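Q: Could you take me on a close look at the empty space inside this protein, and at what sits around it? I'd like one connected walk through it.

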Amino acid sequence: MTSSQLEAVDGGRAGAGSDPSAYFTDRYEAVRSNVAQALAGKPEAVRLALTCFFAGGHLLVEDVPGVGKTSLAKALAASIDASWNRIQFTPDLLPSDITGTNVFDQRSGVFEFRPGPAFAHLVLADEINRASPKTQSALLEVMEERQVTVDGRSYPVPVPFLVVATQNPIDLEGTYRLPEAQLDRFLLRIAVGYPDVAAERDILVARARNGVAPVLSPVATVEQVRWMIEYVSRVHVTDAVAEYVARIAEATRNDARLRLGASPRGSLALVRAAQSWAAGEGRGYVVPDDVKTVAEAVLGHRLVLGSEADMQGVRTADVLRDVLGTVSVPFAAAVR
């Protein structure tokens with residue numbers, strides 16, 4: 001990624017000879033601090049969300065009501081000067097309500113395609129598990145292939161294309177569990193969690209004084225985001241780190257507590273997320289700690305517990321912790 005390419009992306013504002021790594025860090029911090037205004041006291045959730053965003057993957061935010069799942073998704077969308085749509089998933093939502101449909105135009109006498117809300121750079125799928133499996137499946141193609149097929153014709157969606165979905169894992173009445181095939185489409189699954197007392201106090205004081213949530217303005221353009229996603233893909237991964245990821249995946253497949261271990265797609269997702277985390281740290285190469293940091297968010301929803309382990313209350317996070325503790329870490333000299 002040359003400085004001349006960077007100048008073209010930034011309209012010349014970056015300046016000749018600009019360091020791409022420093023520029024990425026600058027834009028990354030601008031987006032991070034902007035999103036953090038809407039999600040006080042949750043820096044890790046914000047970092048993981050941005051890791052997924054700049055890796056070019058889809059994000060699933062799973063947590064109880066009222067902790068800021070939708071606020072996080074909306075803040076991310078508001079921070080980018082790009083198109084975005086929000087879809088409220090309900091049991092009566094149809095696939096065509098997401099992808100669009102062909103409509104007969106009486107003036108021209110032909111059917112014309114009317115795009116649905118999936119045709120945006122960023123799609124907020126709120127309470128995704130409240131829609132029927134048929135409707136959920138409407139997202140499978142577009143999340144994987146970045147296109148929508150209607151009546152045998154394919155229509156590409158804007159680039160970049162990112163889905164941020166939310167779901168409540170507690171209230172399961174009237175919901176439809178996401179199948180493994182759809183969960184696998186999400187690069188990361190994260191939880192927001194409750195704020196600590198100090199952070200919640202600040203939220204209450206700010207809301208009492210202002211009456212409304214902070215209104216965010218875009219701090220990055222869609223061209224900059226495209227460049228940042230491309231930059232992440234060029235973060236260096238040594239053979240030693242790649243083998244480390246492969247051994248982690250192999251260990252999950254051989255763990256007796258798991259009915260389903262990490263697939264090669266999961267391994268690729270782990271490398272991609274580690275590259276994004278490393279870029280956010282200001283590094284142009286991945287180290288094993290990057291892999292460890294994002295492992296649970298990347299692999300946790302891709303692993304399926306066996307019935308016995310499930311009955312014993314074992315969590316996939318416990319299995320991953322054990323796996324990461326047993327797989328040997330490459331020497332520092334082999335990861336740069």
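A: Strand E6 gives the largest share of the lining of the second largest cavity, with 3 residues. This is a predicted model, so read everything here as computed from it. E6 covers residues 122–126, and along with H4 and strand E9 (162–167) this strand is one of the elements that each supply at least two residues to that lining. The full set around the second largest cavity is Thr-70, Ala-73, Arg-86, Leu-124, Ala-125, Asp-126, Val-164 and Thr-166. By class that splits into 4 nonpolar, 2 polar and 2 charged. The space enclosed is about 30 Å³.

How many cavities of 30 Å³ or more are there? The count comes to 2. The largest cavity has a volume of about 80 Å³, and its lining is 10 nonpolar and 2 polar residues, with no charged ones. Lining the largest cavity are Phe-53, Ala-77, Ile-80, Ala-82, Ser-83, Trp-84, His-121, Leu-122, Pro-160, Leu-162, Val-222 and Val-225.

Now for the pockets. The second largest pocket comes in at about 670 Å³. It has 26 lining residues, and those closest to its centre are Ala-38, Leu-39, Ser-71, Arg-207 and Ala-213. H4 turns up again here: helix H4 (69–78) and helix H9 (197–210) each put at least two residues into the lining of the second largest pocket. H9 has the largest share, 7 residues. The class split for this pocket is 16 nonpolar, 5 polar and 5 charged.

While we're on H9, have a look at Val-197, which lies in that helix. Val-197 counts as exposed because its relative accessibility is 71%, and the cut-off for exposed is over 50%. From Val-197 to Ala-131 is 35 Å, C-alpha to C-alpha, with their positions 66 residues apart in sequence.

The largest pocket holds about 1100 Å³ of space. Of its 37 lining residues, Glu-62, Arg-189, Gly-300, His-301 and Thr-316 lie nearest the centre. Two or more residues of this lining come from each of H3, helix H8 (180–183), strand E10 (186–190), H13, E13 and H15. H3 gives the most, 4 residues. Sorted by class, the lining of the largest pocket has 18 nonpolar, 8 polar and 11 charged residues.

H15 is worth a stop. In this helix, residues 316–326, the buried ones are Thr-316, Ala-317, Val-319, Leu-320, Val-323 and Leu-324. Looking down the axis of H15, the buried residues fall within an arc of 155 degrees, so they line one face of the helix. There's a general point behind that pattern: an α-helix has 3.6 residues a turn, so residues three or four places apart point the same way. On the face of H15 turned away from the buried side you find the exposed residues Gly-325 and Thr-326. The cover over the buried residues of H15 includes helix H11 (239–253), strand E12 (258–260), helix H13 (288–299) and strand E13 (304–305).

H3 also leads us into the packed interior. The largest nonpolar core has 72 residues, and Phe-24, Phe-54, Leu-188, Ile-190 and Val-291 touch the most other members. Helix H3 (residues 43–54) makes the largest share of this core, 8 residues. Apart from it there is another core of 27 residues, including Phe-89, Ala-118, Val-157 and Phe-161. Back in the largest core, what does Ile-190 touch, not counting residues up to four places away in sequence? The list is Ala-45, Leu-48, Ala-49, Leu-59, Leu-60, Val-61, Glu-62, Leu-72 and Ala-297.

One last residue ties back to strand E9: Leu-178, in the loop between E9 and H8. Leu-178 is buried because its relative accessible area is 3%, against a cut-off of under 20%. Leaving aside neighbours within four places in sequence, Leu-178 is in contact with Leu-60, Ile-128, Gln-136, Gln-167, Leu-183 and Phe-186. Gly-116, by contrast, is 62 residues from Leu-178 along the chain, and their C-alpha atoms are separated by 22 Å.

How values were computed
Residues numbered from 1 in each chain as written. Predicted model: local features only at pLDDT ≥ 70, side-chain atom pairs only at ≥ 80, totals over all residues. Heavy atoms only, no water. Core = buried A, V, L, I, M, F, W, Y, C linked by side-chain atoms within 4.5 Å. Buried < 20%, exposed > 50% of the residue type's maximum accessible area, 1.4 Å probe, protein only. Contact = heavy atoms within 4.5 Å. Arc of directions from axis to C-beta. 1 Å grid on protein atoms, 1.4 Å probe; cavity = no way out; pocket = protein on both sides within 12 Å on 5 of 7 lines; lining within 4 Å. Points joined across faces, edges and corners; volume = space filled by probe spheres on them. Nonpolar A, V, L, I, M, F, W, Y, C, P; charged D, E, K, R; others polar.
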